[in-house]
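Student: I'm new to this one, and I'd like a close look at a single part of it. Could you walk me through it slowly?

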Amino acid sequence: MAAAAISFPISLSPPLQPSRRRAPRPSCTHSERGVSFDPGSAFYRSDSAAGRDLAALAATLNRRGRADPAAPFLCLDAMCGCGIRALRYLAQAGADFVWANDASEALRPVIVANLSRFDREAAPPDTGRRRWVVSHNVADRLLAEQYLRREYFDVIDVDSFGGDSAYVRAALLALKIGGLLYLTSTDWRSARGYGSRSSLSSYGAYVRPTPYPNEVGLRMVIGGAAREAAMLGFHIRPMFSYFAYHGPIYRVMVQLCNGKEDGISNYGFICHCKSCGQSQTFGFDELGQIACGCTDRTGADSITVVGPLWIGPLHDASFLTRMLTLASEWGWATENDVTLGKLLRTMIEESDPRLPPGYIRLDEISHRAKVNSPPLGTLINSLRKEGFAACRSHIGANAIKTNSPISSCIDVAREIRNMPVTPYVSFTK
């Protein structure tokens, strides 16, 4: 199905449109990592640059790691806005061809002008190869058309608003095996349990309020993609998951893998006990056993269950390590530009397979321990000395991810108030 190869020179082409004179190059009003562009009247947020950095790094590594490096590297930006992501795939990821699509035809002059920084025809001009095209279709329709034409892409980027996931199945069908699908959701209401019906219809997960809604939002999106892939006979692997506070925005990069994954160990339910603060995961075969060890002194109302959603790793540690190396080579993770490097290092620490879903905020630990909040780094180091896995969370501010029971966190927090403070040391180089 999606494993078919695409020939090059490619036949990719949007619906026939009247010929237009080449758009003038826009004035350089904005720049991201050395790529100049003009957002025009399109929605654009500079705060989202980190998400585009991650996309460019991941796409580059995917291009370099393909089984057939001589094959053309094809990218599709299904909701391109002003075209900055499409432009960065051309300029930084080394894409041989980029399809930039946006439903709004009013944005065409802006998109074309920005992409015109690259010649439309590949060199030499007599090959007939195109470097980019611009179209204006609804995303799921465009993706379905490419699948029906058997024209598949190495990277598909869908930067959508809200939580409409109707395009996910069409995107998976239009993706090459081993290709990357970059999904976006801004449906914070569903992630926080305020739109359970919406999360159920969009992602197949019934979400209720938890202390770590931002992570639930990422797992909800991954779980929806995993469910769609399974119905098509494939499975997905999360390469990284990124939560951005502005918006808020949930972004996940998944790789499409051939064949169904054995078992459903990474797809299940999260249970949180409001009484003791402990969280656990349960599989489908344990649905009748969902309970907390403290339920003998609490009521059933203290148990919150969300799912089914993704309960496996949020990131691929080896892939993130290569992303960090590449970012350093490109000068994106230097001492003068620490934001992206710090983010990637934190994600690598979050990739520890011993870490369960969820995070624990320091204020909850201090409240239960009845002490002032301990320093975050000191708490992490102390838990590691006790033999637990622990690290910071890029998703929750002033929070830790750990496989330690919350009771142990409380004991350690009380002990810290009676010991000298030691600096936090990251285990990630």
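Student: Let's zoom in on Arg88: does it count as buried or exposed?

Tutor: One thing before we start: this is a predicted model. Arg88 counts as buried, because its relative accessibility is 2% and the cut-off for buried is under 20%. So what does its side chain meet in there? Arg88 forms a salt bridge with Asp53, with 2.5 Å from N to O. As background, side chains of opposite charge can pair when their charged atoms come close. Asp53 is buried as well, at a relative accessible area of 4%. These two partners come from distant parts of the chain: they are 35 residues apart, with Asp53 in helix H1 and Arg88 in helix H2.

Now step back to those two helices. H1 covers residues 49–64 and H2 covers residues 84–91, and their axes come within 10 Å, crossing at roughly 35°. The crossing of H1 past H2 is right-handed. On the H1 side, the residues in contact are Ala49, Arg52, Asp53, Ala55, Ala56 and Ala59, and they meet Ile84, Arg85, Arg88 and Tyr89 of H2. Sorted by class, that contact has 6 nonpolar residues, 4 charged ones and no polar ones.

Arg85, one of the H2 residues in that contact, has a salt bridge too. Its partner is Asp77, and their closest N and O atoms are 3.1 Å apart. Arg85 is buried, with a relative accessible area of 8%, and Asp77 is buried at 0%.

Asp77 also takes us to a strand, since E3 spans residues 74–77. E3 runs parallel to strand E4 (residues 97–101), and 4 bridges join them. One example is Leu74, whose bridge partner in E4 is Phe97. Helix H4, residues 139–148, lies across E3, E4, E5 and strand E6 (153–158), and it runs at about 145° to E4.

Those strands belong to an open sheet of 7 strands with mixed pairing, in the order E5-E4-E3-E6-E7-E9-E8. At its edges stand strand E5 (132–135) and strand E8 (234–244); each has a single partner strand, so one side of each is left without a neighbour in the sheet. On average, neighbouring strands here are turned by 15° against each other, ignoring direction.

For another charged pair, look at helix H8, where Arg219 forms a salt bridge with Glu215. Their closest N and O atoms are 3.0 Å apart. Because they sit 4 residues apart in H8, about one helical turn separates them. Both ends of this pair are buried: Arg219 has 3% relative accessibility and Glu215 has 0%.

Back to where you began. Arg88 is part of one network, in which salt bridges that share partners join Glu32, Arg33, Arg52, Asp53 and Arg88. The structure as a whole holds 19 salt bridges. So when you look at Arg88 again, picture a residue that counts as buried at 2% relative accessibility, with its side chain meeting that of Asp53 in a salt bridge.

Terms used. Residues numbered from 1 in each chain as written. Predicted model: local features only at pLDDT ≥ 70, side-chain atom pairs only at ≥ 80, totals over all residues. Heavy atoms only, no water. Pairing = 2+ DSSP bridges. Axes fitted to C-alpha atoms, helices over the stretch in contact; angles between N-to-C directions. Contact = heavy atoms within 4.5 Å. Left-handed = near helix turned anticlockwise from the far one by under 90°. Nonpolar A, V, L, I, M, F, W, Y, C, P; charged D, E, K, R; others polar. Salt bridge = Lys/Arg side-chain N within 4 Å of Asp/Glu carboxyl O. Buried < 20%, exposed > 50% of the residue type's maximum accessible area, 1.4 Å probe, protein only.
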